[in-house]
Amino acid sequence: MTPTNVTPQAPVETAQLVESLGYDLVTFQDHPYQASFHDTWTLMSYVAARTDSIHIAPNVMNVPLRNPAVAARAASSLDLLSGGRIDMALGAGAFWDAVVSMGVPRLTPGESVTALEEAIDVMRGIWDAGNRTPLRLDGTVHSIAGAKRGPLPAHDIPIWVGALKPRGLRLIGRKADGWLPSYGYMKPGDFATGNATIDKAATAAGRDPREIRRLLNITVPQTGLDGWAESLATLAIEDGASTFILATDNATALRIFAEEVMPAVREMLETERARTGVVAGEPRKAAALAQRRGGIDYTSAPTGVPSIEPGDFNYATVKSTYMRGGSPGLVLQPRTVEDVIDSVAFARRHTHLPLAIRSGGHGISGRSTNDGGLVIDLRHLDSIEVIDRSRRTVRIGPGARWLDVAKALAEEGWALSSGDYGGVGVGGLATAGGIGWLARKQGLTIDHVIAADIVLADGSLVHTSASENSDLFWAIRGAGANVGIVVAFDFAVEEVGDVGFAQLGYQPSDLADFLQRWGATMEESARDLTTELVITRGTPTTARGVHVMGVVDSDDPDDIVSQLQPLAEISPLTSQSVQLVPYSAVMANADPAPHSGQGEPASASGLIDHITPDVAEALARFIDSGASPFVQIRCVGGAVSDVPADATAYAHRSANFAISAGGAHRQRLADEWAKLKPYLNGTYLSFDTSLDPARIHDAFPPATLARLREIKASVDPQGLFRDNFSVIPPDSPR
């Protein structure tokens, strides 16, 4: 299309017309030196906002007059805003003289191709958002000395190049995703010759020539429409042309092409494919294939299940968790229960590899990613639906995040105690325990599970409740990761209005005394109040941070202040903030960005019944050791302790406090944590990164562990689900 501004809305209306006619792509000339033309990037942005599905690209972007780093970021932003509809086409262009004033020497034709190649490197480098190293390029024309990368586009933006001469064609073979010449400027045989040059260069560069899409700018034949569809089909069948871009602004021509020519060409191609057995589509890129990990039969991956491999552009968004860096060999992202069953079947054929099950990816323990193994990522099983309003029951998928659950329940005037961070996935929390802001009032999250659907290791789908498969129902509430993949939870929730959310700061002179006083205060408090204590290590220039955060399940300001007042009397306050907010606002504390953890940070956890003077002294010594820069003590007790110890696989019901600590030095943390163990009564596995098999005995008392092992032997005899604190005995042949 011509980006004319004589009638400003004309190109926008034409773009809307071609979208309605079923075109896949609309492109715009890029001639910023034409006074009668819109700026192409501005026009593309406007068109993206006024259309819904059609892809948009420059044809072709004038590289001499567009800074490639700026253009790459503009493309990323527009791709994100449009839902992945921006493609890129580049040309070596004219007017390199225009950049002489920027210190660039006049370029020969060969040097202009070099500059184009550098522009491709810059753009791809900007889009490589998962690479944390600064982008550097010391080129002939384009030089970058440490630019930040990103943002990551919504889809893998292809780069097509418009070129006709051998240097440009060889560049396409080496680096481009497509060739975009104008057929009207070509002599007979030029397209075949160009294809051969590109194919040879691609092969020499270790690429599969089929990776490179062959596009053609075409015009309406001057000889008339007879035979037009046949000639285009011949170009597609014999020369591999797969995209035809009609160069016209004429509405009549656009309609004729859409209604008569396009269907005829597609029908001819389908007939030819049926005759020859050729399957349409572009192959996976050679560079991506080279990054596949050993031991995985990628060809047998379930075809209907979306997946991401190490060579895919969005791999960086799924490889890591909130804290841990990972490098799995394949991430499966089922969208249905049937997809989960297919994914489990694939995992059964790969029992020699690590297997991680991921709901939200927060996973402090680090078990929801791995190195070279499989990940079954449940993020798309995120439905939230009301089952029965009169009974306040809801069904929630394991991939939903708790901030979304809280928001949905708030619309009904309900809430469910669900951890303290909204970015956590439902599946991990609701099978491990669920220590949250309303724990002392409502109990653990698992205490509100009334039924669940589980995919077992053999691929069977079973329903569990107190009256159906009751052993499994008992096991999933505290050790669910051992017995299968929960694909749907049924919860009974509570009526909750606005709550008091408090943040209190202290700087106590005697930390042990403060810990004891806080613990005693919380045990004496009404169950409406649940808090957690956060202690951060000081530095040579900053004081140690001691903060209490908590929720009062009340919408009465006077009642809230009254319940918080004893906390204010433990030690002088250095800061205080109390807000009356919906529970959903408390949980709306998550960063929506993809997880990008690095390395393997360590964390440890434990449960204690009371913070006695001895416990307080031991905790203070641990904090003062510096082994952990961040220590949290969460309140349990109250309603959590009302549940009998043998009612669920989470058995440590007498504990009033859950302690967790993290650090960068695994051994140092372990050595200091060992000094605390005599004071601990159990552990909360979700916060523990230890790989010591003996940790399972801290999590489950003997009778609980014995029952879990019987259930495990029944539903997972081969130990498929073994990489998340498995209860299988270490000496088991499984």
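In which sense, parallel or antiparallel, do strand E4 (residues 88-91) and strand E7 (residues 159-162) pair, and over how many bridges? In this predicted model, E4 and E7 run in the parallel sense and are joined over four bridges. The briefing below covers this pairing, two open sheets with antiparallel pairing, salt bridges and a negative surface patch.

**Parallel pairing around E7**
- Within the pairing of E4 and E7, Met-88 stands opposite Ile-159 of E7.
- E7 also pairs with strand E8 (residues 178-179), again in the parallel sense, here over two bridges.
- Trp-160 has Gly-178 in E8 as its bridge partner.

**The seven-strand sheet**
- Seven strands form an open sheet with antiparallel pairing, in the order E25-E22-E24-E23-E27-E28-E26.
- Strand E25 (573-582) and strand E26 (602-608) each have a single partner strand and stand at the edges, so one side of each lacks a neighbour in the sheet.
- From one strand to the next, the twist of this sheet averages 15°.
- Strand E22 (residues 498-506) and E24 run antiparallel and are joined by seven bridges.
- Ala-502 has Gly-550 in E24 as its bridge partner.

**The five-strand sheet**
- A further open sheet with antiparallel pairing consists of five strands in the order E15-E16-E20-E18-E19.
- Its edges are strand E15 (384-388) and strand E19 (461-465); each has a single partner strand, so one side of each is left without a neighbour in the sheet.
- The twist in this five-strand sheet averages 20° from one strand to the next.
- Strand E18 (residues 449-455) pairs with E19 in the antiparallel sense over five bridges.
- In that pairing, Val-455 stands opposite Leu-461 of E19.

**Charged side chains**
- Side chains of opposite charge can pair when their charged atoms come close.
- The model contains 40 salt bridges, counted with a cut-off of 4 Å between a side-chain nitrogen of Lys or Arg and a carboxyl oxygen of Asp or Glu.
- One of them joins Glu-600 to Arg-324, whose closest N and O atoms are 3.6 Å apart.
- This pair links distant parts of the chain, the two residues being 276 residues apart.
- Glu-600 lies in the loop between helix H17 (583-587) and E26, whereas Arg-324 lies in the loop between strand E11 (307-308) and strand E12 (330-332).
- Asp-498, Asp-555, Asp-556 and Asp-558 form a negative surface patch.
- Of these residues, Asp-555 is placed in the loop between strand E24 (545-552) and helix H16 (557-568).

Terms used: Residues are numbered from 1 along each chain as its sequence is written. This is a predicted model: local features need pLDDT of at least 70, side-chain atom pairs count only at pLDDT 80 or more; totals for chains, interfaces and linings use all residues. Side-chain values use heavy atoms; hydrogens and water are left out. Patches are made of residues with over 30% relative accessible area and no salt bridge: like charges are joined within 9 Å, nonpolar side chains (Val, Leu, Ile, Met, Phe, Trp, Tyr) within 5 Å. Accessible areas come from the Shrake-Rupley method with a 1.4 Å probe; for residues, only the protein chains shown count as cover. Lys and Arg count as positive and Asp and Glu as negative; His and the chain ends are not counted. The place of a charge is taken as NZ of Lys, CZ of Arg, CG of Asp or CD of Glu. Two strands pair if DSSP finds at least two bridges between them. Axes are lines fitted to C-alpha atoms, for helices over the stretch in contact, and angles run from 0 to 180 degrees between N-to-C directions.
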